[in-house]
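Work through the following exercises with the sequence and the model side by side. Try each task yourself before you read its solution.

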Amino acid sequence: MLRSVLIVAAEAVPFIKTGGLGDVAGSLPKELKKQGTDARIVLPKYHDIPKYWQEKMTFLGHITVPLGWRRQYCGLFMLEEAQITYYFLDNEYYFKRRGIYGFGDDAERFAFFCRAVLEVLPKLSFKPDILHCHDWHTGVVPVLLKAHYQQQPEYEHLKTVLTIHNICYQGVFEKNLLADLLDLDKTQYLDHPDLNFYGNTNFLKAGIAFADLLTTVSPSYLEEIVTGRGGLALGELLSSRRQELHGIVNGIDYEMYNPATDKAIDVQYTTQSPEHKITNKRNLQQKLGLIVDSDIPLIGMVSRLVGEKGFELVAAGIERLLGLGVELVILGTGEERYENFFRSTADHYPKQLSANIYFDNVLAHQIYAASDIYLMPSLNEPCGLSQLIALRYGTIPIVRETGGLKDTITPYNEYTGEGNGLSFTSYTSEAMLKAINQALSLRRERTVWLEMVESAMETDNSWGRSANQYLKVYDRLL
Ligand code: GLC
């Protein structure tokens with residue numbers, strides 16, 4: 001079946017990314033395309049998109065977007081890269097700033113983006129059947145479509161899918177502001193129980209209530225969010241739409257993350273040449289000022305330094321962790337308390353702890369390739385991509401059993417010898433340290449460890465299967 005899908009998202013690689021959403025929105029269309037779908041993406045044209053890409057964009061024209069009593073300019077740009085068409089919506093008042101989220105007028109900025117996406121559709125040489133929205137930033141697209149557009153012939157056939165990447169980010173704003181911005185009829189929409197959120201308006205809730213189908217990024221996370229606690233006040237609504245909600249685990253870009261061809265790492269390797277992984281490790285130890293010794297277990301973490309990712313367990317257990325005789329490399333930025341904590345602890349243990357409080361894509365690849373163990377003790381993890389990248393590089397993940405971590409990591413089973421990682425359940429430093437200790441003793445049994453590394457590298461987390469599941473979701477609507 002020929003399907004055409006427009007992915008609507010606030011970020012996508014290679015243009016702009018703050019987290020996993022950007023990776024997924026950027027790599028999903030490539031695989032959809034491979035599987036015979038005309039998949040394109042529309043994004044805001046942020047000032048922070050590198051010049052390199054901005055210069056490749058073609059200006060197609062402009063439209064005027066109604067936003068309450070305002071009429072806002074919206075420029076339309078297009079870019080084709082690796083056979084995918086990307087559209088960018090331009091308005092300097094909203095998007096010419098440093099950074100992409102976290103402004104006082106985010107409600108207005110993303111209301112504008114959602115409205116502009118719908119307004120611009122008739123101007124595209126492309127007629128999507130499905131708008132596939134991602135996260136709260138695009139959550140009001142389904143409501144706006146029903147309220148203002150669906151009656152018109154160009155929009156009649158359009159269906160919407162909303163993917164929830166993380167229920168913790170909902171986009172909650174003052175109700176009256178949105179009534180004005182979105183021109184929504186108060187009685188029909190804003191006071192509708194599905195839109196009303198304790199007197200506020202919730203972008204994500206709006207999308208959950210009005211999208212034709214819903215997905216989230218793993219089956220276990222789906223089970224978590226349909227409950228009261230895991231759903232953070234949206235559980236009831238989600239559970240009422242249980243039949244229309246699907247859990248699809250993300251894939252990763254197997255070209256971008258490939259130890260056999262990766263130019264960011266010093267020595268490329270495959271399952272046939274595990275000794276090359278050790279060369280990468282020694283090089284990284286040297287580069288970061290750690291003790292250079294391939295016998296010392298090297299643990300890597302590449303992550304936003306936020307509570308949700310389990311950094312409190314690492315911080316509380318840091319002395320005991322380093323007491324195990326391991327080296328720990330951290331890369332990422334985030335909450336100040338963690339940035340400061342790891343910086344100052346690294347000053348005390350410069351030969352054992354390397355805290356890199358910034359982001360550097362090359363170093364990220366080197367950490368994935370060089371580490372023996374990848375630590376991911378998340379409190380919540382809707383899907384998680386880092387553990388999948390670690391597997392690809394033969395770095396054994398130690399994860400807390402939550403959400404997608406539970407669905408993608410099979411803990412080592414000493415009786416059958418199966419498994420591609422280790423896991424723990426209780427959210428405590430003790431449970432985490434116990435799993436690390438278990439990994440260290442397995443690592444001393446050389447052949448067992450090498451088998452685990454091999455099975456990690458052979459786990460298939462490419463986009464093929466996941467994209468195919470999205471196609472099945474789309475097909476339910478066509
Ligand atoms: C969010 C989630 C993460 C998921 C990513 C992509 O960042 O926190 O678990 O992998 O979205 O879906």
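**Exercise 1. Find which residues are around the ligand, and work out where the ligand lies with respect to the domains.**

Solution. Begin with the list of neighbours, where a residue is near a molecule if one of its heavy atoms lies within 4 Å of it. The residues around the ligand are Gly20, Leu21, Val24, His165, Asn166, Val217, Asn250, Glu381, Pro382, Cys383, Gly384 and Leu385. Before going further, note that this is a predicted model, in which local features need pLDDT of at least 70 and side-chain atom pairs count only at pLDDT 80 or more, while totals for chains, interfaces and linings use all residues. Residues are numbered from 1 along each chain as its sequence is written, and side-chain values use heavy atoms, with hydrogens and water left out.

Next, sort the shell by residue class: six of its residues are nonpolar, five are polar and one is charged (nonpolar: Ala, Val, Leu, Ile, Met, Phe, Trp, Tyr, Cys and Pro; charged: Asp, Glu, Lys and Arg; polar: the others, Gly among them). Finally, turn to the domains, whose bounds come from an automatic or database domain assignment. Because domain 1 (3-251 + 463-477) and domain 2 (275-458) both give residues to the shell, the ligand lies between them.

**Exercise 2. Describe the N or O atoms of Asn250 and the other residues that lie close to oxygen atoms of the ligand, and state how much of the ligand the protein buries.**

Solution. Look for polar contacts, that is, pairs of N or O atoms within 3.5 Å; within protein, one atom must be able to donate a hydrogen and the other to accept it, and residues adjacent in sequence count only if both atoms are side-chain atoms. A polar atom in the side chain of His165 is 2.6 Å from a ligand oxygen atom, and a side-chain N or O atom of Asn250 is 2.8 Å from an oxygen atom of the ligand. Pro382 takes part through its backbone, with an N or O atom lying 3.4 Å from an oxygen atom of the ligand. The ligand taken alone exposes 310 Å², and the protein buries 93% of that (areas by the Shrake-Rupley method with a 1.4 Å probe; for residues, only the protein chains shown count as cover).

**Exercise 3. Determine how many disulfides the structure has, and decide whether Cys168 and Cys383 are buried or exposed.**

Solution. A disulfide is a pair of cysteine sulfur atoms within 2.5 Å, and a search of the whole structure finds zero of them. For Cys168, the nearest cysteine sulfur is that of Cys383, 15 Å away. The accessibility classes are buried (under 20% relative accessible area), exposed (over 50%) and partly exposed (in between), with a 1.4 Å probe and protein chains only. Cys168, at 34%, is therefore partly exposed, whereas Cys383, at 2%, counts as buried.

**Exercise 4. Locate Ser386 and Thr408, and find their side-chain partners.**

Solution. Helices (H or I, at least four residues) and strands (E, at least two) are DSSP runs, numbered from the N terminus. Ser386 belongs to helix α16 (residues 386-392), is buried at a relative accessible area of 15%, and makes a polar contact of 3.3 Å, side chain to side chain, with Tyr368. Thr408 belongs to helix α17 (residues 403-408), counts as buried at 9%, and its side chain makes a polar contact with that of Gln387 (3.0 Å).
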